[in-house]
Amino acid sequence: MKRPAVGRLRGKTRVGRLALWDALLVRLWPGEAADGVLEVGAGERADTVAALVDAVDGDVTVVELHPRRAEMVRAAGLSVRVLERDGLAGEPLGVGVVRAANVLRQYPVDGVAAAHVGLGGWARDGGVVLEGSCDANGDVGAFHVLRVTAGGVRREGLVFFSSFARGFAPIQLRDWLPRDLRKTVRPDGAMGPFFAEWMRVWRETRAGVPAVDFRGSAAALGCSVVELGDVREGAAAMVWRPEGGVPAG
């Protein structure tokens with residue numbers, strides 16, 4: 001299956017930007033990670049890949065279309081396999097986790113669904129694709145959980161995370177939604193009803209302490225919370241797995 005190419009990336013990843021992602025990856029999908037992790041894009045420095053290697057109990061592969069960045073990872077002496085490929089084109093690897101962090105932010109919205117299928121093509125049946133974005137410091141972000149099946153990928157859930165360095169209100173997460181959902185937080189949009197409900201319960205349970213308000217509103221929504229305070233003080237994530245899957249943008 002031919003996979004769509006990923007657009008050119010800025011690659012300005014800061015040290016520690018994906019630390020919360022790394023922790024969520026190994027805590028929520030340890031079995032999948034043990035079968036191997038594919039990182040889409042190495043970034044401008046090798047720090048992000050090095051942190052991922054330290055975090056996971058499994059092989060790490062990096063797909064990188066820029067020769068200089070691919071060589072950078074090799075020169076760092078990391079125990080990873082580096083694939084120099086044009087975007088997502090290549091043979092399936094059968095890994096358990098594919099992560100595309102801050103890769104599709106500038107992607108054409110109408111091409112995201114095909115990109116998800118392409119990303120899923122790297123993984124084994126039953127594996128997951130984690131695709132989304134975060135701010136420059138990795139303090140707030142959101143990503144898709146796409147379950148790989150014989151028929152393609154299933155929109156299983158969304159993960160929202162924050163260190164609360166920017167405070168907290170549910171609407172804050174709107175700007176960090178995955179590319180295909182970012183402009184759907186409106187009354188007639190795919191994510192409108194969910195955010196309206198999240199804002200409602202947040203107002204009703206609000207105590208004025210960002211971390212407490214995040215956890216309280218998550219509990220009111222019936223969503224699970226993952227504690228990440230050992231990675232970044234006070235940080236946490238909320239996992240939303242709606243019946244029927246995450247709505248399409």
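Where is N102 found? The legend of the third view gives the loop that holds N102. The model is predicted: local features need pLDDT of at least 70, side-chain atom pairs count only at pLDDT 80 or more, and totals for chains, interfaces and linings use all residues. Residues are numbered from 1 along each chain as its sequence is written, and side-chain values use heavy atoms, with hydrogens and water left out.

**View 1. Buried and exposed sides of helix α4 (residues 67–75).** Helices (H or I, at least four residues) and strands (E, at least two) are DSSP runs, numbered from the N terminus. R69, A70, M72 and V73 of α4 are buried (under 20% relative accessible area; exposed is over 50%, partly exposed in between; 1.4 Å probe, protein chains only). These residues lie on the same side of α4 because they cover an arc of only 155° around the axis, taken from the directions from the helix axis to the C-beta atoms. P67, R68 and A75 are exposed, on the face turned away from the buried side. The cover over the buried residues of α4 includes α3 (47–55) and β3 (80–83). G77, with a positive phi near 70°, follows α4.

**View 2. Packing of helices α6 (residues 192–205) and α7 (residues 210–221).** The two axes are 9 Å apart, at an angle of about 120°; axes are lines fitted to C-alpha atoms, for helices over the stretch in contact, and angles run from 0 to 180 degrees between N-to-C directions. α6 and α7 are therefore oblique to each other (under 35 degrees is roughly parallel, over 145 roughly antiparallel, 65 to 115 roughly perpendicular, the rest oblique). The contact (heavy atoms within 4.5 Å) involves F194, E197, W198, V201, W202 and T205 of α6, and D213, F214, G216, S217, A220 and L221 of α7.

**View 3. Two non-glycine residues with positive phi, N102 and F164.** N102 lies in the loop between β4 (95–101) and α5. Its phi is about 60°, and N102 counts as buried because its relative accessibility is 17%. F164 is in the loop between β7 (152–162) and α6, with phi near 65°. F164 is buried, at a relative accessible area of 10%. Most residues other than glycine have a negative phi.

**View 4. Surroundings of H116 in helix α5 (residues 112–120).** H116 counts as buried because its relative accessibility is 2%. Neighbours within four places in sequence aside, H116 is in contact with L104, E131, H144, L146, V153, R155 and D180.
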